[in-house]
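Subject: Handing over a structure, with notes

Dear colleague,

I am passing a structure on to you, and I would be grateful if you could look it over before reading my notes. The notes come directly after it.

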Amino acid sequence: LCRFDTALHPTLTAGGHIKTDTWQRTSVAGLYAAGDLTESIQPSVATAIAQGLAVARAIERIGHQDSA
């Protein structure tokens, strides 16, 4: 993260992972995180895939809201 502009630095958890909501959104508008970057109860490939799906659905929802 240190290579990015400070405006793009998302909030981190106490464990140093990127903090996300249910849709994998970070504290930076338009920035999502999934997989090893996030704190997960059950870190695994399957969890990362599920988180990626949540990101895709969140972006899809935004697209539907913008077109309405």
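Below I describe the chain as a whole and then go through individual residues.

Please keep in mind throughout that this is a predicted model, and that every value below was computed from it.

**The chain as a whole**

The chain contains one helix and zero strands, and along its principal axes the C-alpha trace spans about 40 × 30 × 15 Å. Of the 68 residues in the chain, 22% are buried, while the accessible surface comes to about 5,100 Å², with 59% of that area belonging to carbon and sulfur atoms. When contacts are restricted to residues at least 6 apart in sequence, 21% of them join residues at least 24 apart. The helix, α1, covers residues 45–67, and many of the remarks that follow concern the segment before α1.

**Thr 26 and Thr 13**

Thr 26 is found in the segment before α1, and because its relative accessibility is 12%, under the 20% limit, Thr 26 counts as buried. Two polar contacts involve its side chain: one reaches the backbone nitrogen of Val 28 at 3.2 Å, and in the other a polar atom of the Thr 26 side chain lies 2.8 Å from the backbone oxygen of Leu 31. Once residues up to four places away in sequence are set aside, Thr 26 touches Pro 10, Ile 18, Lys 19, Thr 20, Leu 31, Tyr 32 and Ala 33, so that Leu 31 appears both in this list and as a partner in a polar contact.

Thr 13 also has its place in the segment before α1, and with a relative accessible area of 18% Thr 13 is buried. Leaving out neighbours within four places in sequence, Thr 13 is in contact with Ile 18, Lys 19 and Glu 39. Ile 18 and Lys 19 are also among the residues that Thr 26 touches.

**Charged groups and rings**

Which residue forms a salt bridge with Arg 25? The partner is Asp 21, and the closest N and O atoms of the pair are 2.7 Å apart. The structure holds one salt bridge, so this pair accounts for that count, the distance of 2.7 Å being within the 4 Å cut-off. Side chains of opposite charge can pair when their charged atoms come close. As for accessibility, Arg 25 is partly exposed, with a relative accessible area of 39%, and Asp 21, at 29%, likewise counts as partly exposed.

A further arrangement involves a charge and a ring, for Arg 61 lies over the face of Trp 23, at 4.5 Å from the ring centre. Aromatic pairs, on the other hand, number zero in this structure.

**A backbone angle to look at**

Gln 24 deserves a separate remark, in that its phi is positive, about 70°, although Gln 24 is not a glycine. Most residues other than glycine have a negative phi. Gln 24 is in the segment before α1, and with a relative accessible area of 8% Gln 24 is buried.

**Exposed residues and separations along the chain**

Three exposed residues of the segment before α1 come with C-alpha separations that you may wish to compare with the display. Gly 30, which is found in that segment, is exposed, with a relative accessible area of 70%, and the C-alpha atoms of Gly 30 and Ile 59 are separated by 8.9 Å, with their positions 29 residues apart along the chain. Arg 3 lies in the segment before α1 as well, and at 80% relative accessibility Arg 3 counts as exposed; from Arg 3 to Glu 39 the C-alpha to C-alpha distance is 21 Å, for a sequence separation of 36 residues. Ile 41, again in the segment before α1, is exposed, with a relative accessible area of 87%, and its C-alpha atom is 28 Å from that of Phe 4, the two being 37 residues apart along the chain.

With best regards

Note on methods. Residues are numbered from 1 along each chain as its sequence is written. Side-chain values use heavy atoms; hydrogens and water are left out. Helices (H or I, at least four residues) and strands (E, at least two) are DSSP runs, numbered from the N terminus. Buried means under 20% relative accessible area, exposed over 50%, partly exposed in between (1.4 Å probe, protein chains only). Contact means heavy atoms within 4.5 Å. Rings of Phe, Tyr and Trp (its six-membered ring) pair if their centres lie within 6.5 Å; planes under 30 degrees apart count as stacked, over 60 as edge-to-face and the rest as tilted. A charge sits over a ring if NZ of Lys or CZ of Arg is within 6 Å of the ring centre and within 35 degrees of the ring normal. A salt bridge is a side-chain nitrogen of Lys or Arg within 4 Å of a carboxyl oxygen of Asp or Glu. Accessible areas come from the Shrake-Rupley method with a 1.4 Å probe; for residues, only the protein chains shown count as cover. A polar contact is a pair of N or O atoms within 3.5 Å; within protein, one must be able to donate a hydrogen and the other to accept it, and residues adjacent in sequence count only if both atoms are side-chain atoms.
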